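User: Hi! Could you walk me through a structure while I look at it?

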Amino acid sequence: MSASGSGEGVVEALPRARGGSVSATHSSSGRGDGQPDSGSVPGPGAGARPVSGENGGGRSAGTGPTRLAGFWDMTAAERERVLLEGVADAHRRHFGRNAAYRRVIGLRGVAEELPPGFAGPVATGPDTCGQPDGDAGHAAGAAERELFLARLLRPAAATFKSYIDVLGTPFPNDVPRAFLEWLADQLSIALPVERARPLRSTYGSLEALLRVIEKRYRDLGLEVLTSSGTSGRASIIVRDASSTDLNVESFYLCFQRYFGMTADHRAIFLMPRSTRIAMARMARFSVSRVGLSDDRVHFAIPFPAQPDQVRIRAGRTYRFDRRGVLERRLWHPAMARLQEHYVDPRATRRALALLDEACRRREKVLLFGSLIQVHRVAQALRAAGRSLQLEPGSLLGTGGGIKELYPHTADQIRADVASVVRSRGGDPVPIRDVYGMAEANWAAMQCAAGNYHVPPWVLVGTLDDDDAPQRSAESTGMLAFWDPFGGGGLYPAFFRSADRVTLVRPDLRRPAPGREAGPAEPDVACPCGDGGAYIRRESIRRVDRLEEAGCAAQM
Amino acid sequence: MNAAGAPGGPVFDGFWLPRAAREQVFSAATRWETLWFSGGRPCDAPASAGGQRTGGRPAAGGPSAAAVGARRPVFSHDEWDSLLDALSAGRRRAPQGAELSRRLRTALAQAAPALGLGARTGDGTVAALASSTGYSQEMIGAALGTPDLWTLGEMTAAVTADPTWDAAGQWQRLPGLEGRLRFYPARGGYRGERPAAPIFATPATPALVAGYGAGNVPGTALLIVLLALATAATGAAPPVVVVRNSRREPIFSPLVLAAVEAVDPDVVGSVAVFVWDYADGRLQRWLLAQADLVIAAAGDDAIADIGAQVKRATTDRAARERTAREVAERERTGSGGEVIGPGPALPGRGGKPGPGEARAGSAGGWRGSAAGQSAPVTPRFHAHGHKASFAVIGREALERGAGERLPLDAIAFLAALDSAVWDQNGCLSARVHFVEGRHTPADGSAGAAAPGSYSPLEYAAALAAQLRPLAVAIPRGRWPRRALHDAFDRYAALTGTDLVRVLSGYDDDFVVAYDARPPAAARRGRARVARGLDALALSGTVGACQGRVVVVRPVDDLLEVPRCYLSLLPPATLQSLSVAVGSAGDRGLSERFLRFAEACGACGVTGIRPLGRGAFPRLAYSWDGFLPRDLVSRRPPGHFTTIESETPYEAMCETYRRFSSGAGPCGR
């Protein structure tokens, strides 16, 4: 089913099983009427079941194989073809329905229909590809495909922060109706804007407005999330029930695969239970999906983190009226002090208490937070002259990078943590990082070798400084991704991130001089043994400022 | 060309010292470092250069087009000492007053063609500048081959000009110069002085000028040198000038100075330009404690650092001068005994005084030769941080009609130049173009305008049409296209309303966006909130306009520009306006224009010049609020705004003729 008003969800866009037809996309349902194919498409492997919100979403759905997981079983050629078909299909579907997408992509000269052969076969390896190397038509097709793929990308943060430009204010709660119109413009579903009529002319906070919107459109299952908002201006992202389910599943599968999470862990999140920050919320949903009961999931920060609180605490964007004066002079310093002297210590104490309890009960633990938060726990242990011995299979998860001034590097933090947190057998407890962004419905999780593995149901690449796709097995550039399923019926999740990374795609053949395809390069595969694309460890760098060139002011 | 071949590519002198100084200071022990560039970015030494970045003089060998090197000396403290001695000697040999100005002008005029900077491509010098800065060779040729850069004829009049307090109340004509000036005293700077009283104190030529240039726009260091030498217009000897050159562009200024020296060595005998580490606190304190004038054209962070160093140096200087007075007094009274000043001793010199320390105030050292004038205790600090500039197109410039009027294409071409030169990386580059005229909903490719005049949307379309061939004639430098794409996408996302249009294509090497959305202040009641929102939006717009991104905004009236836009930005970030105003046959500036200029000056704008000349400022006029007279005199705090032409329309016509002729740098 699809919870979206467009009548289309992600179910019909997911691939069929290996061995069967791999061309199944939503259009293969044959309905052609824009309505969802309510029949379940068999997933890969035995026992596969559909992914959708029909059963109440993944949040309470227990474990079991799903069709996303089937991507791991596909050959590289199958996978690429399915993804490209998914991209073409999602583009076609959203181009006709998503005004914001159509405006930007259309002005770039891209039409609703991508060129014929867009999703045709590519050279990915001698075992899978039926095309002879160097075939001229094939090369031209690949080049054209890359051109179009790059043209489908929108800048992630700018897209979801475009409300600031459109509304002329970073405070949507001051212009609720205009915000709703912006929201409708961004989505591929028909958002009945007439429901905005009863909206008040202003709301006291962004949280209040978002709650009202979620309530008004409860039938669509809309959920409004934000980025972490450290810049003071948060990305605002909407998900519906089906895209939330898919997102949760994406996280959950990766938690299982790379973190080895099972239902016998005790999950301790160094974050508030109530937050709209997308990454935090998805991590929470995903561990629930693993099968942890509520009494095994804990949140160490006992206060909600509402968007306005996050904004004020970031200290970069204040309101322009008297409230802004209060925010700047009173609330920001007060919140900083409160955070430093009360919230953080309390969260650390609470986490320590939960960790101690898990140790006593000999339960496996997942402690998840930012590097700095995990470091605080380690520092508290060290200050008390203590160390922890966790059950084997326990894991420390981190995410979000270091976004504030902090006197320790990531390596120092890991070393500090390793010195006081060990497993009962004496081995260090693995510390694994998660790379993700609010705008993406997936996350890349660090494997034992330290690399970040991109889920195989997402097509990834890097762009050079001129936004041209780089087609080599290992490339450094701006991370771009085409997630044909992640945006669900709401928007095409084709985005260029603001992160420069070194991406390794072992499946990709490096073009030899004068030829489109060259010998495969199996040597670049991750030592952890997991195939597919990955981001090299310590290669992620945020690039969101222009390099200073002349004497022109940057404002 | 002062390039030496090296195995990895040509190595240029990334420094300039007068011949006498080179002979005196350099020795076999002098340490050298070579900075390598490729595509406008620092790079590692090419492998064929042995991977060496430091040490020895550059070796000979075949050049490579891939990378260009710039060698620079890394002076020891003794060498610094020796350098200042040599420059002081050069100062004594230099011509003084008007003679220096005349000979410098002559030497520059003779040297400029020898540099071959007007050449489009291929010349070794131009190619090297392109490789080190990242700008296209065509850009280097077009911008630096412009004779206006070398115009120094007005400097004597500018340095000796003596504006009165009358300029605080109305526009004042500049004696010996075209145009007008206004003075905007800082809060508390105006104390009811008589209108006829001079603003400036008695002039005193500085004995030592320390300069700091930054960025990759060529010539900043040269600009500082020329300004510093212009101080001799008061009749004194030129100062010793030591300029810390930009690491991002170390080649151009040394090239020009070497060419000048080849014509007339004495006029640049007191000048040194090279790269040193301005984070070296001790060196900086020592140098700045001796400077009478510090000119820094750099980023805001660097400006703040240098400003703090100047303050510390002031303390040292005061103590040093106290000590010098005590020494003189003892010598006079015969009490004898050598006293070393309390200034910062450079490390590694043991008990020996730091360079210049014993000279401070003494008769035999270079400080004693400062034309017999005592310098002020506190060095004056002229800070030129990063700024933003704009273009303003008056209604009369958009009138349709034949005859003597400049056609719309010509206006758009001049405006395109103002935004394209230096790829909008210069503080003088026009970012937002304000166009006087009403927004008219688009029908077809351009908005319909009132009969008789072109609409702002038509102007935007014409601008895009002019930027397109300009992108071929003067290609963009090696900057990521991503920034252009981001700007394109940003405005494409706003095209849901007919108030916003994107006039360029995704693959164009520029972006022209038309944005007629009214400011929040015009839509919302609460003035403070609306202004806050407008300021936020305008800052974002201005910040995005780099790399040839132009946003065209219609305004109903010229005065909207200062009232609704410029006043929203921090005054310290504003620099200049290039304006298209007036009509053929105008005599002088209209009252309407002067009111507009006055309001812009009050917002912080310091230079107003004719359209097309935005990137080619004249040294004789206000640079970030400082007049050339500021180089030699103190005055109450505040800023000067100058209008650089009395007949802007004629100036536009003249610029258009120059740039659009077949022989012009744009080759139209």
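User: Which residue in β11(B) is the bridge partner of Ala296(B)?
Analyst: Happy to help: Ala296(B) has Ala383(B) as its bridge partner in β11(B). This is a predicted model, where local features need pLDDT of at least 70 and side-chain atom pairs pLDDT 80 or more, while totals for chains, interfaces and linings use all residues. Residues are numbered from 1 along each chain as its sequence is written, chains are lettered from A and ligands numbered from 1 in the order written, and side-chain values use heavy atoms, leaving out hydrogens and water.

User: How many bridges join β10(B) to β11(B)?
Analyst: Five, and the two strands run parallel. Strands (E, at least two residues) and helices (H or I, at least four) are DSSP runs numbered from the N terminus, and two strands pair if DSSP finds at least two bridges between them.

User: What's the strand order in the open sheet?
Analyst: It goes β9-β8-β7-β10-β11 in chain B, with parallel pairing. β9 (271-274) and β11 (380-384) of chain B are the edge strands.

User: Which strands does helix α7 of chain B touch?
Analyst: α7 (residues 220-230) of chain B packs on the sheet against β7, β8, β9 and β10 of chain B; contact means heavy atoms within 4.5 Å.

User: Switching topic: at what angle do α3 and α8 of chain B pack?
Analyst: About 120°, with their axes 8 Å apart. Axes are lines fitted to C-alpha atoms, for helices over the stretch in contact, and angles run from 0 to 180 degrees between N-to-C directions.

User: And which residues make that contact?
Analyst: Among them are Leu104(B) and Leu108(B) of α3(B), and Val256(B) and Val260(B) of α8(B).
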